[in-house]
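Visitor: Could you take me through one part of this model at close range, namely whatever disulfide bonding it has? I would like a careful account of where the cysteines sit and how they are joined.

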Amino acid sequence: MKKQLVGWLVLIFLWSVLGGCQRGGDARGSAEADSTSQLIESNSQPVAVEAAVISSGQFFGAITVSGVVQGIQEVTILSETSGKIFQVRASLGQRVSTNQIMVQLDSEVERYAVAQARDQLKVADLELQAIKDLVANNSSSPAELARATAAASGARSMLAQAQQRLDNKVIRSPINGQVAVLPTTISPGNYIQPGSVIARVVDLRRLRLAVGVGERDILLIEPGAAASVTLSACGEIPQPAQIISIAAGSASNDGNFMVIAEWNNNCGNRIKSGMAATARITPSGNESPNTIVIPTASILREGSQEYLYLAVSEGENTVARRANIESGKQLANRTEVTSGVAEGDLLIIAPLQSLEEGSLIETVSIGSTAFR
C-alpha cells in the first residue's frame with residue numbers, strides 16, 4: 001500500500017514539472033514571435049531620401065563674373081613740362097583725334113631758345129664746311145676738322161633739345177577717343193608742373209572687361225572662349241564677346257586670375273568707361289548641351305563597377321533599385337554619365353549608406369541634376 005502511494009506521488013510530481021516546462025516554452029515562443037513581428041514591422045518603414053530627376057544639360061555651367069567696362073584704349077595724358085596754361089582746346093565728352101591739340105602752354109621763351117639754337121647750328125655748319133675746304137687744300141689739320149665736326153654735332157643736339165622743350169608746350173591726344181576726365185585745374189592762366197594730369201581719353205569703339213576668376217573655374221577657360229556681357233546701358237541685352245587673354249598667375253593674394261573679354265560697342269554713346277557689367281563665360285569644351293550630369297557623391301562603387309540607386313515605383317510603394325553605370329568626364333562634384341540611366345529617372349542623392357537593393361523609401365526633396 002505504501003509503495004502504491006509513493007508511486008502516485010512521483011507521477012503527480014512529474015506531471016506538474018512537465019506542465020510547467022510546456023507553459024514556459026509557450027511563453028518563450030510567444031516572446032520570440034513578438035520580437036520577429038516587431039523586426040518585420042521596423043524593416044517595413046520607408047527610408048526618407050533626397051532625390052533628383054536625371055536630366056541633360058551642359059557639363060559645366062556658365063561662369064558668371066562682374067567687372068568694370070573700359071575702352072579698348074584708355075590713356076591718361078600727363079604734362080612733361082611746367083608752365084602757364086595759355087589755351088585749352090578740349091572739353092569733357094569731346095571726341096578728339098590722334099595728335100589733336102588739347103592744351104597749349106605759354107611758349108615765348110622756348111620759341112626764342114629754338115631760334116637761337118637754330119642760328120648757332122648754322123654758324124657751326126658754316127665753320128665745319130670751311131674747315132673741310134681747308135683740309136682738302138692741306139691748309140688745316142685733321143684735329144681742326146674733328147673739333148669743327150664736334151661743335152656742329154653739339155649745336156644740332158642743342159637745337160633738338162630746344163625744339164623738344166617747345167613741343168612739350170603743346171599737349172596733344174595720343175589716340176582717337178573721347179575726353180573722359182578733364183580736371184578743373186586745367187584752365188587758362190593756371191600754372192602746371194611736370195607730371196600734372198591734363199586729361200584722360202578713352203576709345204570706346206571697342207570695349208574691354210577685366211574680371212577675376214577663381215582657381216577652380218580658371219581651368220575651364222581658354223583664350224577664344226565665347227562670352228556674353230550684360231550692362232544696363234544696353235538695356236540688359238547680352239552683347240556677344242570673346243575671351244582674348246588669361247593671366248598666367250594670380251595678381252593678388254585673393255586667388256583670382258585676371259581674364260579679359262572684348263567686344264564691339266553696339267550701344268554707341270550710351271556706354272561710358274567705368275560702368276558695371278556682368279560677363280557669362282562659356283567654358284571651353286562645353287559645346288554639347290545633351291550630357292547627363294549627376295552629383296559625383298551619388299555614385300557608389302563595388303570593385304571596378306560604378307552604380308547608383310534610383311527611386312522606382314512598384315505598386316503602392318517606392319523602392320531603391322541599383323543601376324550600374326559608366327561615367328565620363330568628372331570635375332569636383334559633377335560627373336558625366338554615358339550609360340546606365342536615362343532622362344526622367346529619379347536619382348537618390350542621400351542618404352546612400354543606409355540603402356540596399358529593394359529598400360522601401362520615401363522621397364522628400366526632388367530637383368534636377370542638370371547644370372544649365
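Guide: In this predicted model, a search for cysteine sulfur atoms within 2.5 Å of each other gives a count of 1 disulfide. The bond joins Cys 234 to Cys 267, with an S to S distance of 1.8 Å, and the two cysteines come from distant parts of the chain, 33 residues apart. Cys 234 lies in the loop between strand E11 (226-230) and strand E12 (239-250), whereas Cys 267 belongs to the loop between strand E13 (257-264) and strand E14 (276-281), and the disulfide therefore links one loop to another. As to its geometry, the torsion about the S-S bond of Cys 234 and Cys 267 is about 130 degrees, so the disulfide is right-handed.

The surroundings of each cysteine can be judged from its accessibility, for which buried means under 20% relative accessible area. Cys 234 has a relative accessible area of 6% and is therefore buried; Cys 267, at 9% relative accessibility, counts as buried too.

For context beyond the disulfide, the structure also holds 1 aromatic pair, formed by Tyr 307 and Tyr 309 in an edge-to-face arrangement, with 5.9 Å from centre to centre and 90 degrees between the planes. Both of these tyrosines, Tyr 307 and Tyr 309, are buried, and the charged end of Arg 322 sits over the ring of Tyr 307, at 3.8 Å from the centre of that ring.

Terms used: Residues numbered from 1 in each chain as written. Predicted model: local features only at pLDDT ≥ 70, side-chain atom pairs only at ≥ 80, totals over all residues. Heavy atoms only, no water. Phe/Tyr/Trp six-rings, centres within 6.5 Å; stacked < 30°, edge-to-face > 60°. Buried < 20%, exposed > 50% of the residue type's maximum accessible area, 1.4 Å probe, protein only. Lys NZ or Arg CZ within 6 Å of the ring centre and 35° of its normal. Helix = DSSP H or I, 4+ residues; strand = E, 2+ residues; numbered from the N terminus.
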